[in-house]
Amino acid sequence: MPPDPHDRSRVEVRRSARRSRTVSAYREGDRTVVLIPARMSHAEEQRWVAQMLEKLAAQERRRILGDDALMARARELSAAYLGGRAVPVQVRWVTNQNSRWGSCTPSEGTIRLSHRLQGMPEYVVDYVLLHELAHLLVPDHGPAFWALLEAYPRTERARGYLEGVVSAARLPHIPGARHGAPGGDPAASCG
């Protein structure tokens, strides 16, 4: 579930003299980082923090599919990449999968995706969903299984993204180590 856009207890504001007009924000673990120009007044800061929290929450709501939408997306992916041959009986989000991204029970036609995927890029969720759909046709990870996934053009990119998430989770958290982190590609930006 996305953080409450009105909860400011987990907001860190970082001021920068190099930032002249733009304001951006992104999630960093369980907190939100808002980057603002150093010259901004306290009232402007409060206004921008509220605006950026709303913007991030709206982005996250758009990215999180409900179970019905997840089932519809599974049908679309099966039609597009598997010739419509993978027909799940049920597709749903679950909160009890912390060591895998998804699972499939071919004999029952059920697919479960970890809630940890919610909010990840759409192509990553599509890949995991397509991976589990492929298991409805081929239960193991042999050559026939991987041949099915070759049709999806973002397989390697999605796998790389998920490997990065797993690797990042293993890194030690050093408080304050991210201060001054490069602006990179924050989740939200205005200016």
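**Notes on a predicted model**

1. Let's start with the parts list. The protein chain has 5 helices and 7 strands, and keep in mind as you look around that this is a predicted model. Reading from the N terminus, the elements come in the order β-β-β-α-α-β-β-β-α-α-α-β. The chain is 191 residues long, and 39% of them count as buried. Among contacts with a separation of 6 or more, 51% are between residues 24 or more positions apart.

2. Next, have a look at strand β3, residues 31–37. Of its 7 residues, 6 are buried, so the strand is largely enclosed by the rest of the structure. Strand β1 (residues 11–16) runs parallel to β3, and 6 bridges join the two. To see one spot along this pair, find arginine 15, which stands opposite isoleucine 36 of β3.

3. Now for β2, residues 23–28. This strand runs antiparallel to β3, with 5 bridges between them. Glutamate 28 has arginine 31 in β3 as its bridge partner. The hairpin of β2 and β3 leaves 2 residues between the strands, and glycine 29 there takes a positive phi near 70°. While you have these strands on screen, here is a general point: in a regular strand, side chains alternate between the two faces of the sheet.

4. Is arginine 19 buried or exposed? You'll find this residue in the loop between β1 and β2. Its relative accessible area is 18%, and the cut-off for buried is under 20%, so arginine 19 counts as buried. Which residues does arginine 19 contact, leaving aside its neighbours within four places in sequence? They are Ser24, Leu35, Ile36, Pro37 and Ala38. Ile36 is also the residue that arginine 15 stands opposite.

5. Moving along the chain, stop at tryptophan 101, in the loop between β4 (90–94) and β5 (102–105). With a relative accessibility of 16%, tryptophan 101 is buried too. Not counting residues up to four places away in sequence, tryptophan 101 touches Arg112, Leu113, Ser114, Arg116, Leu117, Met120, Val128, Leu162, Val165 and Val166. Take Arg112 from that list: arginine 112 is 11 residues from tryptophan 101 along the chain, and their C-alpha atoms are separated by 8.7 Å.

6. Helix α3 is worth a look of its own. Its 16 residues reach 23 Å from the first C-alpha to the last, close to the 22 Å expected at 1.5 Å a residue. Of those 16 residues, 14 are buried, so α3 is largely enclosed by the rest of the structure. As a general reminder, an α-helix has 3.6 residues a turn, so residues three or four places apart point the same way.

7. Finally, the second largest pocket, with a volume of about 270 Å³. Which elements give two or more residues to its lining? They are α3 (122–137) and α5 (155–170). The biggest share comes from α3, with 4 residues. The full lining is Arg100, Trp101, Gly102, Tyr127, Val128, His131, Glu132, His141, Trp146, Arg159, Leu162 and Glu163. Sorted by character, that gives 5 nonpolar, 3 polar and 4 charged residues. Trp101 from point 5 is in the lining, and so are Val128 and Leu162, both of which tryptophan 101 touches.

Technical notes:
Residues are numbered from 1 along each chain as its sequence is written. This is a predicted model: local features need pLDDT of at least 70, side-chain atom pairs count only at pLDDT 80 or more; totals for chains, interfaces and linings use all residues. Side-chain values use heavy atoms; hydrogens and water are left out. Buried means under 20% relative accessible area, exposed over 50%, partly exposed in between (1.4 Å probe, protein chains only). Two strands pair if DSSP finds at least two bridges between them. On a 1 Å grid over the protein atoms alone, a cavity is a set of points where a 1.4 Å probe fits but cannot get out, and a pocket is an open set with protein on both sides within 12 Å along at least five of seven lines; lining residues have an atom within 4 Å of a point. Grid points are joined across faces, edges and corners, and a volume is the space filled by probe spheres set on the points. Ala, Val, Leu, Ile, Met, Phe, Trp, Tyr, Cys and Pro count as nonpolar, Asp, Glu, Lys and Arg as charged, and the others, Gly among them, as polar. Contact means heavy atoms within 4.5 Å. The expected span of a helix is 1.5 Å times one less than its number of residues.
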